[in-house]
Amino acid sequence: MLKRLGFAITTRNLWSSFGFGFPPNLPSCTSLQLSSSSTAVGLRIRTRTIFKVMSASRNSTPVNEKDKQVLQDFKLLNAVNDRYGGVVVEVREPMESALFASVLRASIAQWRQQGKRGVWIKLPIQHVNLVEPAVKEGFWYHHAEPTYLMLCYWIPEGTHTLPANASHRVGIGAFVMNEKREVLVVQENTGRFQGTGVWKFPTGVVDEGEDICTAAVREVKEETAVDTKFIEVLAFRQSHKAFFDKSDIFFLCLLEPLSSEIQMQETEIEAAKWMPFEEYTAQPFVQKHELLKYIADICLAKKDRNYSGFSPVPTSSAFSDEKNYMYFNTRDLNGQ
């Protein structure tokens, strides 16, 4: 038996993990070549000593050349340690499903010996053949992106503490009013408002890696071609079971118009125009729904200078070197 890196492997256990029957008279010895670092763990198994011992044993069970090649080429999955006592594996090379299953079982055994907790496997779309063997070993889907699937596994006994997939979608609504107290509104030609005749604020979804303030300006530009300047977040609303059962956070944003000419986005927008604010609020659809009445009241209070929203302030943090925004009431904070 050889003990290194905090785990022990015997020939008998190793042979069983490959799915081969263990020769009855094979001594319990191995020849292992190990490599590790603070961030990555890898293990390659050399079988020269094993087969030398086997050839010297009178009653050894013969091993065919195919099985010899499998063992000689066998390599446990390369894994990067995460910050929470687990490992992350990104499969980069193609592999047969059967071999992957054996490699995965042996890797889990190693990680269990090392006291690891969660296991994350990132499978690029070209390695979709490895999904089934991973699931059969106890992995489950965590999330998917256009180019990969993330699977996870919990080694310790008991309930896992792995974080859930992203739970919310983030959207914006843009309140844009000019000096004539006209508000920028659109009619959509897709979705729930298609064909209803309802005039609404430009809305949209914040893209991955995009700031709320940037998304609001972008959505107005895309839907109407009007240039704007972001001023502040006036309010936000949280709802649940919205898009594919995900929760939703919607930010009502105040933007200042920098241009007035409208060129609507024909793929999504049926019509767009500047509408007197009172005409917008008088729509039966707005009057019928409490949320929209609140939005109208907040927007009017802001224009009458009786309401303070949350302005974006660039900040830094201990979690990222990149600049990010904190939104807060700068007027009251600064005593203005």
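**Close-up views of a predicted model**

**View 1. A loop residue out in the open.** Let's start with Glu179, which sits in the loop that links strand E10 (168-176) to strand E11 (182-188). Keep in mind that everything here comes from a predicted model. Is Glu179 buried or exposed? Its relative accessibility is 84%, and exposed means over 50%, so Glu179 counts as exposed. Now look for Glu256: 77 residues separate Glu179 and Glu256 along the chain, yet their C-alpha atoms are 9.9 Å apart.

**View 2. The whole chain, for orientation.** Step back for a moment and you'll find 10 helices and 17 strands in the chain. Of its 336 residues, 41% are buried. As for the outside, the accessible surface adds up to about 19,700 Å², and carbon and sulfur atoms account for 51% of that. Take the contacts with a separation of 6 or more: 63% of them join residues 24 or more positions apart.

**View 3. Inside the largest nonpolar core.** This core is made of 21 residues, and the ones with the most contacts inside it are Phe100, Leu104, Trp111, Val119, Ile121 and Phe139. Which elements give two or more residues to it? They are strand E6 (87-90), helix H4 (97-113), strand E7 (118-124), helix H5 (131-136) and strand E9 (148-154). H4 provides the largest share, with five residues.

**View 4. Zooming in on Ile121, and a look at another core.** What does Ile121 touch, leaving aside residues up to four places away in sequence? Its partners are Val89, Val91, Phe100, Leu104, Phe139, Leu149, Met150 and Leu151. There is also a second core, separate from this one, with 20 residues; Phe201, Leu234, Tyr280 and Ala296 are among them.

**View 5. A four-stranded open sheet.** Read across this sheet and the strands come in the order E12-E10-E14-E13, with mixed pairing. Which strands are at the edges? Strand E12 (203-205) and strand E13 (228-243) are, each pairing on one side only. Ignoring direction, neighbouring strands in this sheet are turned by 25° against each other on average.

**View 6. Where E13 meets E14.** Here E13 runs antiparallel to strand E14 (residues 246-257), and 11 bridges make up the pairing. For a spot to focus on, find Arg237, which has Phe250 of E14 standing opposite. Glu256, the residue we compared with Glu179 in the opening view, falls within the residues 246-257 of E14.

Notes
Residues numbered from 1 in each chain as written. Predicted model: local features only at pLDDT ≥ 70, side-chain atom pairs only at ≥ 80, totals over all residues. Heavy atoms only, no water. Core = buried A, V, L, I, M, F, W, Y, C linked by side-chain atoms within 4.5 Å. Buried < 20%, exposed > 50% of the residue type's maximum accessible area, 1.4 Å probe, protein only. Contact = heavy atoms within 4.5 Å. Areas by Shrake-Rupley, 256 points an atom, 1.4 Å probe, with all protein chains shown as cover. Pairing = 2+ DSSP bridges. Axes fitted to C-alpha atoms, helices over the stretch in contact; angles between N-to-C directions.
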